[in-house]
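Please look through the sequence and the structure shown below before reading on. The report that follows takes up a few residues in turn and then turns to the chain as a whole.

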Amino acid sequence: MSEKIVQLNEEVIKGQLKELVRGSVEEALIEMYLAGVIRPPDGGHHGGSVGGARYLHRRSAN
């Protein structure tokens with residue numbers, strides 16, 4: 001019986017996974033924005049950031 005040997009480059013896999021997640025999150029945020037569920041930050045008064053990346057807040061239910 002032959003065994004297959006597979007070598008994985010952890011850094012390459014981490015980079016690819018990071019890009020996949022970033023793309024999925026970006027798509028979800030755009031869809032939520034277009035549906036009116038969230039809005040972009042208004043000049044930093046209500047906006048925030050995580051790791052230098054700005055994020056969007058839910059639209060208030062007034």
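## A salt bridge at the start of the helix

Lys14 has a relative accessible area of 46%, and because that value lies between the cut-offs of 20% and 50%, Lys14 counts as partly exposed. The model discussed here is a predicted one, and in it the side chain of Lys14 meets that of Glu10 in a salt bridge, with 3.4 Å from N to O. Both Lys14 and Glu10 belong to helix H1, where they stand 4 residues apart, which is about one turn of the helix. Glu10, at 53% relative accessibility, is on the other side of the upper cut-off and counts as exposed.

## A second salt bridge

How many salt bridges does a search of the whole structure find? The search finds 2, and besides the pair already described there is one between Glu19 and Arg22, whose closest N and O atoms are 3.5 Å apart. Glu19 and Arg22 are 3 residues apart in helix H1, so about one helical turn separates them. Glu19 counts as partly exposed at 48% relative accessibility, and Arg22 likewise counts as partly exposed, at 44%.

## The helix and its ends

Helix H1 covers residues 10–34, and its length can be checked with a simple calculation. With 1.5 Å for each residue, the 25 residues of H1 should span 36 Å, and the C-alpha atoms at its two ends are indeed 36 Å apart, so the expected and computed values agree.

At the N-terminal end, H1 is capped by Asn9, which places a side-chain oxygen 3.1 Å from the backbone nitrogen of Glu11. Beyond the helix comes Gly36, a residue with a positive phi near 80°.

## A nonpolar patch on the surface

Is Leu20, a residue of the helix, buried or exposed? Leu20 is found in helix H1, and its relative accessible area of 57% means that Leu20 is exposed. Leu20 is also one of the members of a nonpolar surface patch, which is formed together with Leu17, Val21, Val25 and Leu29. Taken together, these five residues present about 430 Å² of accessible area.

Leu29, another member of this patch, can also be related to a residue further along the chain. Its C-alpha atom is separated by 9.9 Å from that of Pro40, although the two residues are 11 residues apart along the chain. Pro40 lies in the loop between strand S1 (38–39) and S2, and with a relative accessible area of 40% Pro40 is partly exposed.

## The chain as a whole

The chain holds 1 helix and 4 strands, and from the N terminus on these elements follow the order α-β-β-β-β. Of its 62 residues, 5% count as buried. The accessible surface of the chain amounts to about 5,900 Å², and carbon and sulfur atoms account for 55% of that area.

## How confident the prediction is

The pLDDT of the chain averages 78, and 65% of the residues reach a score of at least 70. Among the elements, helix H1 has the highest mean pLDDT, 94, whereas strand S2 (residues 48–50) has the lowest, 51. Where pLDDT is low, the predicted coordinates should not be read in detail. A careful reader may therefore keep in mind, when comparing parts of the model, that the mean pLDDT is 94 for H1 and 51 for S2.

Conventions: Residues numbered from 1 in each chain as written. Heavy atoms only, no water. pLDDT = per-residue confidence, 0-100. Buried < 20%, exposed > 50% of the residue type's maximum accessible area, 1.4 Å probe, protein only. Areas by Shrake-Rupley, 256 points an atom, 1.4 Å probe, with all protein chains shown as cover. Expected span 1.5 Å × (residues − 1). Polar contact = N/O pair within 3.5 Å; in protein donor to acceptor, adjacent residues only side chain to side chain. Patch = residues over 30% accessible without salt bridge, like charges linked within 9 Å, V, L, I, M, F, W, Y side chains within 5 Å. Salt bridge = Lys/Arg side-chain N within 4 Å of Asp/Glu carboxyl O.
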